[in-house]
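Student: Please choose one part of this model and go through it closely. I would like to begin with how far the prediction can be trusted, and then see how that part fits in with its surroundings.

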Amino acid sequence: MLVERKGRENEWLTMVLEVNYKLKRFKPSDLEGVIRINRECLPENYTTLFFMNLYKRFPETFIVAEVNGEIVGYVMCRIETGIPSFKLLGITKRGHVISIAVLPNHQQKGIGYALMREATQAMVNYKAKECYLEVRESNLPAVGLYKKLGFEIARTARNYYADREDAFVMARQLPLYGVNNKYP
Ligand SMILES: CC(C)(COP(=O)(O)OP(=O)(O)OC[C@H]1O[C@@H](n2cnc3c(N)ncnc32)[C@H](O)[C@@H]1OP(=O)(O)O)[C@@H](O)C(=O)NCCC(=O)NCCS
């Protein structure tokens, strides 16, 4: 287990919003739960092979959130080599958030934020210098989440999605491994 904590514990609405969740690295027995969340929450769905391939290649950045033994959220990422969005660092390692989702009845309790924090910390361990992702322009909850985590809009990718909606490409620099390898 990576983390066990209470969401929103200091707020006056604690009694309503309190949630105990655990963050863990994905394991193959979590696959069914992850696929269910992906299908319920997002139009971008993937094959079993795609999920398992990301898990095998980048196990540290595939994290699940569990509440009372049920998988309620996940984030999965890929480590790539490419040109960063903001700084001219030359070719560098970048963490790419491929998919994140939290079941509707567990949303707005801090789980998405915690999943992203854990995944970006793992990217630092892979020595990635930047994290980036694509998000639908209309997806205000997700854009809000990424802004809260320090992401900025780097550019717009026109007709990025199958239904031709544009995507914001959002990115943020990651702390250097070995210098300040704790995500701020
Ligand atoms: C985006 C998503 C993962 C956020 O997960 P979550 O657990 O609800 O998010 P959190 O509770 O950690 O919220 C963190 C921040 O995100 C933003 N946010 C989350 N839900 C929001 C909403 N409904 N409206 C506006 N902002 C929202 C806020 O900035 C929030 O911080 P705050 O509580 O201090 O205001 C979740 O809404 C989801 O699964 N959506 C469907 C799938 C999806 O769109 N994935 C992203 C694809 S790019």
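Tutor: The mean pLDDT of the protein chain is 89, and 84% of its residues reach 70 or more, pLDDT being the predictor's confidence in each residue on a scale from 0 to 100. Because this is a predicted model, local features need pLDDT of at least 70 and side-chain atom pairs count only at pLDDT 80 or more, whereas totals for chains, interfaces and linings use all residues. Residues are numbered from 1 along each chain as its sequence is written. Over residues 9–16 pLDDT stays under 50, and the model has four contacts beyond four places in sequence for that segment. Where pLDDT is low, the predicted coordinates should not be read in detail.

The part to look at closely is strand β4 (residues 70–82), where M76 has its place. The protein chain has five helices and eight strands, taken as DSSP runs (helices H or I, at least four residues; strands E, at least two) numbered from the N terminus. M76 counts as buried because it has 25 C-beta neighbours inside 10 Å, the cut-off being 20 or more other C-beta atoms within 10 Å of its own, with C-beta atoms placed from the backbone. Of the 184 residues of the protein chain, 29% count as buried.

On one side in the sequence, β4 is linked to β3 in a hairpin with two residues between the strands, and N68 in the turn has a positive phi of about 50 degrees. β3 and β4 run antiparallel and are joined by five bridges, where two strands pair if DSSP finds at least two bridges between them. In this pairing A65 stands opposite G73. β3 also pairs with β2 in the antiparallel sense, over four bridges, and K24 there stands opposite V64.

β4 is joined to β5 as well, by ten bridges and again antiparallel, with R78 standing opposite H96. Eight of the eleven residues of β5 are buried, so β5 is largely enclosed by the rest of the structure. β5 in turn runs parallel to β6, the two being joined by four bridges, and V97 stands opposite L133.

Coming back to M76, its contacts (C-beta atoms, placed from the backbone, within 7 Å) beyond four places in sequence are with F51, L54, T61, F62, I98 and S99. M76 and I63 are 13 residues apart in sequence and 6.5 Å apart in space, C-alpha to C-alpha. Beyond four places in sequence, I63 for its part has contacts that include Y74 and V75, as well as L2, L23, L115 and A119.

These residues lead to the largest nonpolar core, which has 40 residues, those with the most contacts inside it being I63, A65, Y74, V75, L115 and A119. Such a core is a set of buried Ala, Val, Leu, Ile, Met, Phe, Trp, Tyr and Cys residues joined through C-beta atoms within 7 Å. Among the elements that give two or more residues to this core are β2, β3, β4, β5 and β6, while its largest share, eight residues, comes from α4.

Conventions
A residue is buried if 20 or more other C-beta atoms lie within 10 Å of its own, exposed if 12 or fewer, and partly exposed in between; C-beta atoms are placed from the backbone. Two residues are in contact if their C-beta atoms, placed from the backbone, lie within 7 Å.
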